[in-house]
Amino acid sequence: AYKFRLYPTKDQEVLLSKHFGCTRFVYNWALDYKTKYYKEHKKNIHWMNLSGKGGDYAKFKAQYEWLNEVNSQSLVNALGNLDNAYKNFFEGRAKFPRFKKKSNKQTFQVPQGSRIDIKNNKLFIPKFMKDGGIKCVFHRPIVKGELGTFTIEKRPSGRYFVSFLVHTEEKAKPKQEPKNAIGLDFGLKTFITTSEGSMYHSPEFLKKSLKKLAKLQKQHSRKAKDSNNRNKARLKVARLHEKISNQRQNYLHKLSHKLVCESQVDTICIEDLNLKGMQKLWGRKTSDLSWFEFTRQLQYKCDWYGKNLIKIGRFEPSSKMCSCCGSMTQLELSDRNWTCSNCNTVHDRDINAARNIKDFGMNQYQLRQELSDVKSVEKKALAKNNRKKVLSETVLNEAEKKKSVRKYILKP
């Protein structure tokens, strides 16, 4: 996938705003239509049936002649995007689809009839062919392949971007066998602590820009509503938010590339964190660190370069267990350094947790390999034996409890 900056002229901005508004209008109409249709018929209607012959989309489009001023494929594609939103909702990946607003990020897609001119820095999409295309800055080379769907985006800061896919015949590298592994521990004070002892601190770009952001938001709130000055102040706030996001993305990409590509490591072990619960406790701090985005970048970069990314459970005792002898110690959040009561080893809390995460991840990988070598019939037999053992142990435990209760009752 590639994303490049667009610099449209004033006339092209007007036509782009028409595309954004028409696709948003069709999307909101389809969302309202599908909700009413489900209440009446108790079933969903597919977007192909809605836009095909005999569908109500053709009647709806005939009522508004100004919908013909934009690319028809972009309007139909908005119906398909709504179906994908419903699919994500029913599969538990997103919330129920909501109506689109003009104030949020605006997009429309062009599935066919688009091309790029790298030498002249031009983008050609339907309805923009006569003006010589839209100026586009290609700041990095593009791999040869078949171009996919183009997505035109306008951010709240007023900047325009285009993103598209390039289908190539290159395949991802095969996964390597885990020989050199590293464990990563996420923290609030130190963003990442590795099992080798190195620490990476987060710059906390949002925290550094809070004073400037508060000043701009205060100026925006004092402007008259629906005025040009208020819109100018809104753009300043949006551009500062976009700058903070770009700084954070740049830092995370460089750090994830360093851990995956520049290090002599073939396996990375991390822990599965309860990010929603942590956000309730620490709020803006966890959002500024952006752990979810960092793990997402680690995942797809490991898939690209044939590395292994192993996630351990969130309830594993990585901080409380000694990485040398395995004994457990009760700790508080304020305990950054502690001494093991069994082997008298002095531990740094984060480094010890990173080492335990590495050990848990490698044990988990070895267990998966052992189970994959076992046949399905043998797996069923092992499962039955384990169930019998568990049932026998529970029966014995209950019998011992009953005996102890009887002895306690019979005592004078």
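**Entry 1: two helices crossing**

I started with α1 and α3, and I noted that their crossing is right-handed. The residues that touch are F25, V26, W29 and Y33 on the α1 side, with D56, Y57 and F60 on the α3 side. The two axes come within 12 Å and cross at roughly 135°. Angles over 145 degrees would count as roughly antiparallel and 65 to 115 as roughly perpendicular, so this pair goes down as oblique. A reminder to myself: this is a predicted model.

**Entry 2: the whole protein**

Next I stepped back for an overview. How many helices and strands are there in the protein? I found twelve helices and 14 strands. Of the 412 residues, 36% count as buried. I also looked up contacts with a separation of 6 or more, and 67% of them come from residues 24 or more positions apart.

**Entry 3: helix α4**

I picked α4, which covers residues 72–90, and checked its length. Its 19 residues should span 27 Å at 1.5 Å a residue, and the end C-alpha atoms are 28 Å apart, which agrees. Right, that works.

Which residues of α4 are buried? I wrote down S74, L75, N77, A78, L79, G80, L82, D83, A85 and Y86. An α-helix has 3.6 residues a turn, so residues three or four places apart point the same way. I can pick out such spacings in the list, with L75, L79 and L82 among the buried residues.

Then I asked what these buried residues of α4 pack against. The partners are the helices α1 (10–41), α2 (47–51) and α3 (56–63), plus the strands β2 (106–110) and β6 (146–154). After α4 comes G92, and its phi is positive, near 80°.

**Entry 4: α4 with α1**

Two packed helices are described by the angle between their axes and the distance between the axes. For α1 and α4 I have an angle of about 45° and axes 9 Å apart. That angle makes α1 oblique to α4. Here too the crossing is right-handed, as α1 passes α4.

I listed who meets whom. From α1 there are C22, T23, V26, Y27, A30, L31, K34 and T35. From α4 there are S74, L75, A78, L79, N81, L82, D83, A85 and Y86. V26 turns up in my notes twice: it meets α4, and it is part of the contact with α3.

**Entry 5: the sheet with seven strands**

α4 also lies across β2 and β6, and it runs at about 110° to β2. That took me to the sheet itself. What order do its seven strands have? Reading across, I got β2-β6-β7-β1-β5-β4-β3, in an open sheet with antiparallel pairing. The edges are β2 and β3 (115–117): each has a single partner strand, so one side of each is left without a neighbour in the sheet. From one strand to the next the twist averages 30°.

I looked at two pairs up close. β2 and β6 are antiparallel and share five bridges, and the bridge partner of Q106 in β6 is K154. β1 (residues 2–7) and β5 (residues 134–137) are antiparallel as well, over three bridges, with Y7 standing opposite K135 of β5.

In a regular strand the side chains alternate between the two faces of the sheet. I tried this on β2: Q106, F108 and V110 are on the covered face, while T107 and Q109 are on the uncovered one.

**Entry 6: one residue, T151**

Is T151 of β6 buried or exposed? Its relative accessibility is 18%, so T151 counts as buried, the cut-off being under 20%. Leaving aside neighbours within four places in sequence, I found T151 in contact with T107, F108 and Q109, and also with F161, V162 and S163.

**Entry 7: the sheet with five strands**

There is another open sheet, with five strands in the order β10-β9-β8-β11-β12 and mixed pairing. Its edge strands are β10 (199–200) and β12 (308–312), each pairing on one side only. Inside it, β8 (residues 181–186) and β11 (residues 267–271) are parallel over three bridges, and I182 stands opposite I268 of β11. Helix α10 (residues 291–305) lies across β8, β9 (192–194), β11 and β12, and runs at about 140° to β12.

**Entry 8: C261**

Last stop: C261, in helix α7 (residues 228–262). Its relative accessibility is 27%, so C261 counts as partly exposed. C261 and K307 are 46 residues apart in sequence, and I got 9.1 Å from C-alpha to C-alpha in space.

Definitions and conventions
Residues numbered from 1 in each chain as written. Predicted model: local features only at pLDDT ≥ 70, side-chain atom pairs only at ≥ 80, totals over all residues. Heavy atoms only, no water. Helix = DSSP H or I, 4+ residues; strand = E, 2+ residues; numbered from the N terminus. Expected span 1.5 Å × (residues − 1). Buried < 20%, exposed > 50% of the residue type's maximum accessible area, 1.4 Å probe, protein only. Contact = heavy atoms within 4.5 Å. Pairing = 2+ DSSP bridges. Axes fitted to C-alpha atoms, helices over the stretch in contact; angles between N-to-C directions. Parallel < 35°, antiparallel > 145°, perpendicular 65-115°, else oblique. Left-handed = near helix turned anticlockwise from the far one by under 90°.
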